[in-house]
Amino acid sequence: MIKLTNITKVFDISGNKLTALNNVSLNVPKGKICGVIGASGAGKSTLIRCVNLLEKPTSGSVIIDGKDLTSLADRQLIQERRNIGMIFQHFNLLSSRTVYGNVALPLELAGVNKAQTREKVNKLLDLVGLTDKYDAYPANLSGGQKQRVAIARALASAPKVLLCDEATSALDPATTQAILKLLKEINRTLGITILLITHEMDVVKRICDHVAVIDQGKLIEQGSVSEIFSNP
Ligand code: ADP
Ligand code: ADP
């Protein structure tokens, strides 16, 4: 479902070249959860941002559900991005919109009519357990509730892939467990393929089928959770 081949990303910082990703290849089969783990500065954010081309790889290809995103014109890319939801460490909700308004936004932007939007948003709020908060503003929600809104919003366009960028790093341990449980449930019931990045081993141990370890822009190891975390 996600096929990254020989991704290299070089940043040019006023003439100084910094190789953030060095020839990274990773395949995530449909319906699986893959975690990329690594220290701060290892290249995790850059890697996950390359998957939906928020960051353009210097070289290499990004194939999502059989389509090569790196070869698309901007307009087609916008279309294909609907297949890729994303959630973030700091939620990135719009503070001027209610819970309902945040989740409805992608549907409004896609021109979905009001009745269908309402039906879809209500379903999503039910899925993430926030039906009773539909008219609250983000400022009045807990961190866990904000991430639930962000998850509902990410699912609004019925993506095939969900990218999670340190999605539990701003949450306390109990809330982290609850959000991971929700992500696993979404993966299982909707069949969504998940790629997540984290610096927390517990996160990958808890929900990932497969783990890749990134260090200084290179994937240095990958395998099942038991392979990566076994202590021979
Ligand atoms: P094999 O043992 O045939 O080499 P793999 O080691 O590639 O197979 O995969 C073992 C299991 O892990 C399979 O269920 C496969 O679907 C899954 N898997 C492989 N790569 C990933 C990945 N990047 N993310 C999530 N799951 C994966
Ligand atoms: P991680 O998410 O693992 O902490 P990042 O992907 O954020 O790592 O960063 C990897 C390297 O790329 C770091 O050295 C970082 O400073 C650099 N980097 C990331 N984004 C940019 C950018 N937009 N411009 C220049 N350098 C960047």
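In this predicted model, four strands come together as an open sheet, and reading across it gives the order S2-S1-S4-S5, with antiparallel pairing. The two edges are taken by S2 and strand S5 (67-68), each of which pairs on one side only. Helix H1 packs on this sheet, where it touches S1, S2 and strand S4 (59-64), and its direction makes about 120° with that of S1.

A good place to start looking is the pair S1 and S2. These two strands run antiparallel and are joined by nine bridges. Following the pairing residue by residue, lysine 9 stands opposite leucine 21 in S2, while aspartate 12 has lysine 17 of S2 as its bridge partner. The two strands make a hairpin with two residues between them, and serine 14, in the turn, has a positive phi of about 35°. As a general point for tracing any such strand by eye, side chains in a regular strand alternate between the two faces of the sheet.

Next comes the other sheet. Here six strands form an open sheet in the order S6-S7-S8-S3-S9-S10, and the pairing is mixed. Strand S6 (84-88) and strand S10 (218-224) are the edge strands, each pairing on one side only. On average, neighbouring strands in this sheet are turned by 15° against each other, leaving direction aside. At one end of the order, S6 pairs with strand S7 (residues 161-165) in the parallel sense, over five bridges. Within that pairing, glycine 85 stands opposite leucine 162 in S7. Helix H5 (residues 143-155) lies across both S6 and S7, running at about 165° to S6.

With the sheets in view, the ligands can be placed. Ligand 1 is surrounded by Leu26, Asn27, Val28, Pro29, Lys32, Ile33, Cys34, Asp209 and His210. Which residues offer polar atoms to ligand 1? One is asparagine 27, with a polar backbone atom 2.5 Å from a nitrogen atom of the ligand. Lysine 32 uses its side chain instead, placing a polar atom 2.8 Å from an oxygen atom of ligand 1. Histidine 210 also takes part through its side chain, with an N or O atom 3.2 Å from a nitrogen atom of ligand 1. On its own, ligand 1 has 540 Å² of accessible area, and the protein covers 46% of that. Two elements, S2 and strand S3 (33-37), give two or more residues to the shell around ligand 1. Of these, S2 gives the most, with three residues. Sorted by character, the shell around ligand 1 holds five nonpolar, two polar and two charged residues.

Ligand 2 has its own set of surrounding residues: Phe11, Ile13, Leu18, Ala20, Ala39, Ser40, Gly41, Ala42, Gly43, Lys44, Ser45 and Thr46. Several backbone atoms come up against its oxygens. Serine 45 has a backbone N or O atom 2.8 Å from an oxygen atom of ligand 2, and lysine 44 has one 2.9 Å from an oxygen atom of the ligand. For alanine 39, a polar backbone atom is 3.5 Å from an oxygen atom of ligand 2. The accessible area of ligand 2 on its own is 560 Å², of which the protein covers 62%.

Which elements build the shell around ligand 2? Strand S1 (2-13), strand S2 (16-28) and helix H1 (44-51) each supply at least two residues. H1 gives the most, with three residues. The shell around ligand 2 divides into six nonpolar residues, five polar ones and one charged.

Put together, these pieces link the ligands back to the sheets. S2, an edge strand of the four-stranded sheet, gives residues to the shell around ligand 1 and also to the shell around ligand 2. H1, which packs on that sheet, is a contributor to the shell around ligand 2. S3, a member of the six-stranded sheet, supplies residues to the shell around ligand 1.

Terms used
Residues numbered from 1 in each chain as written. Chains lettered and ligands numbered in written order. Predicted model: local features only at pLDDT ≥ 70, side-chain atom pairs only at ≥ 80, totals over all residues. Heavy atoms only, no water. Near = heavy atom within 4 Å. Polar contact = N/O pair within 3.5 Å; in protein donor to acceptor, adjacent residues only side chain to side chain. Areas by Shrake-Rupley, 256 points an atom, 1.4 Å probe, with all protein chains shown as cover. Nonpolar A, V, L, I, M, F, W, Y, C, P; charged D, E, K, R; others polar. Pairing = 2+ DSSP bridges. Axes fitted to C-alpha atoms, helices over the stretch in contact; angles between N-to-C directions. Contact = heavy atoms within 4.5 Å.
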